[in-house]
Amino acid sequence: FHPDDAPILYNARRTILKSAGVAVSTYRIRRKDGRYIWFETTSKGVRIAGSMVTQEITSISRDVSARKEAEDRLKHLTAELEEQKNILDTVLTVTPDRLAIFDRAGCFLYANSMALGSRRLSDVVGKTHHELGFPPEVCERFERELEAVFSTGESISDVWVQYPAVYGVCDLEYTYSPVYDVRSKIIAMVSTSRDITARRQAEQERLQLAVERERVKTLQHLI
């Protein structure tokens, strides 16, 4: 037996001797080659008729090494997935873009902090834009483009000029993209968007400046 498993076997034997109940123990046994394998033993005490004395213990044992290895792999995989989830959550939290995931009915499945604003994730998951009180024009346009993404499987990228955001009107650049499962079926839609009001204003100012420079050059030639 593995030295670390001795208390397990001792406690199981003591339980059986006291109550003549059933005890299940999982422990390691060393093979001739020095490698340990896992065994599971189910034991039951047999008492003398009319007595509280346990006369004998009957046990059934089986090799559960394959099961334990599968459990260990599952634990390792679960830990890896949790680590990857934490990394992904961190990335989605710090990204400057608003990111949200929707199901076929247009209900929120996920939203990062930028998309949530002052709301909590639990406030939006499972709800539509209508249920969250978005303006009618936002709901109508979103539903129309959601249907288009699920129907065609193609992404949509556009700029919504004068988008009615909670904090005020802005110019919103957005992309809707389909999410496929292993059977190539669309199961969700990812939305990424960002406020580009400042960028568009800067572009307009540069354009106006260029126009003004050309006007000055024209006037200089005429003088």
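**Group meeting: a walk around a five-stranded sheet**

Strand 6 and strand 7 make a hairpin, with two residues between them. I'm opening there, everyone, since the hairpin leads us into the rest of the fold. Please keep in mind that this is a predicted model.

Let's stay with that hairpin for a moment. Its two strands run antiparallel and are joined over eight bridges. If you'd like one bridge to click on, try Ser157, whose partner in strand 7 is Thr175.

Now zoom out to the sheet. In what order do its five strands lie? The order is 5-4-8-7-6, the sheet is open, and the pairing is antiparallel. At the edges you find strand 5, residues 108-111, and strand 6, residues 156-165, each with pairing on one side only. From one strand to the next, the twist averages 25 degrees. As a general reminder, strands in a sheet pair through backbone hydrogen bonds, in a parallel or an antiparallel way.

Further in, strand 4 (residues 98-102) pairs with strand 8 (residues 186-195), antiparallel again, over five bridges. There, Ile101 has Val190 in strand 8 as its bridge partner.

Next, the helix on the sheet. Helix 5, residues 136-152, lies across strands 4, 6, 7 and 8, and it runs at about 170 degrees to strand 6. With 17 residues, helix 5 reaches 24 Å from first C-alpha to last, close to the 24 Å expected at 1.5 Å a residue. Just after helix 5 comes Gly153, with a positive phi of about 75 degrees.

Which residues of helix 5 are buried? They are Val138, Cys139, Arg141, Phe142, Glu145, Leu146, Val149 and Phe150. Strands 4, 6, 7 and 8 are among the elements that cover them. You'll have spotted an arginine and a glutamate in that list. The arginine, Arg141, places its charged end over the ring of Trp160, 4.2 Å from the ring centre. There is another arrangement of this kind elsewhere: the charged end of Lys68 sits over the ring of Trp38, 4.4 Å from its centre.

Phe142, also on the buried list, takes us to the aromatics. How many aromatic pairs does the structure hold? There are five. Among them is the pair Tyr174 and Tyr176: the ring centres are 4.9 Å apart and the planes are at 40 degrees, so this pair counts as tilted. To spell out that label, tilted covers plane angles that are neither under 30 degrees, which would be stacked, nor over 60, which would be edge-to-face. Both tyrosines are buried: Tyr174 has a relative accessible area of 3%, and Tyr176 has 8%. Together with Phe102, Phe108 and Phe142, these two tyrosines form one aromatic cluster.

Now a few backbone angles, which I suspect some of you will want to check. In general, most residues other than glycine have a negative phi. Which residues go the other way here? Gln162 is not a glycine, yet its phi is positive, about 60 degrees. Gln162 is found in strand 6, and it is exposed, with a relative accessible area of 52%. Ser184 is not a glycine either, and has a positive phi of about 65 degrees. You'll find Ser184 in the loop between strand 7 and strand 8, and at 57% relative accessibility it counts as exposed because the cut-off is over 50%.

Two more stops before I let you go. First, Ala198 in helix 6, residues 197-222. Is Ala198 buried or exposed? Exposed, with a relative accessible area of 58%. The C-alpha of Ala198 is 8.6 Å from that of Asp171, and the two residues are 27 apart along the chain.

Finally, the start of the chain. Phe1 is found in the segment before helix 1, which covers residues 6-19. Phe1 counts as exposed, at 61% relative accessibility. What does Phe1 touch, leaving aside its neighbours within four places in sequence? The contacts are Leu9, Tyr27, Arg28, Ile29 and Tyr36. Phe1 also lies 9.9 Å from Trp38, C-alpha to C-alpha, with their positions 37 residues apart in sequence. That is the Trp38 whose ring has the charged end of Lys68 over it.

That's my tour, and I'm happy to go back to any of these views.

Key: Residues are numbered from 1 along each chain as its sequence is written. This is a predicted model: local features need pLDDT of at least 70, side-chain atom pairs count only at pLDDT 80 or more; totals for chains, interfaces and linings use all residues. Side-chain values use heavy atoms; hydrogens and water are left out. Two strands pair if DSSP finds at least two bridges between them. Helices (H or I, at least four residues) and strands (E, at least two) are DSSP runs, numbered from the N terminus. Axes are lines fitted to C-alpha atoms, for helices over the stretch in contact, and angles run from 0 to 180 degrees between N-to-C directions. Contact means heavy atoms within 4.5 Å. The expected span of a helix is 1.5 Å times one less than its number of residues. Buried means under 20% relative accessible area, exposed over 50%, partly exposed in between (1.4 Å probe, protein chains only). Rings of Phe, Tyr and Trp (its six-membered ring) pair if their centres lie within 6.5 Å; planes under 30 degrees apart count as stacked, over 60 as edge-to-face and the rest as tilted. A charge sits over a ring if NZ of Lys or CZ of Arg is within 6 Å of the ring centre and within 35 degrees of the ring normal.
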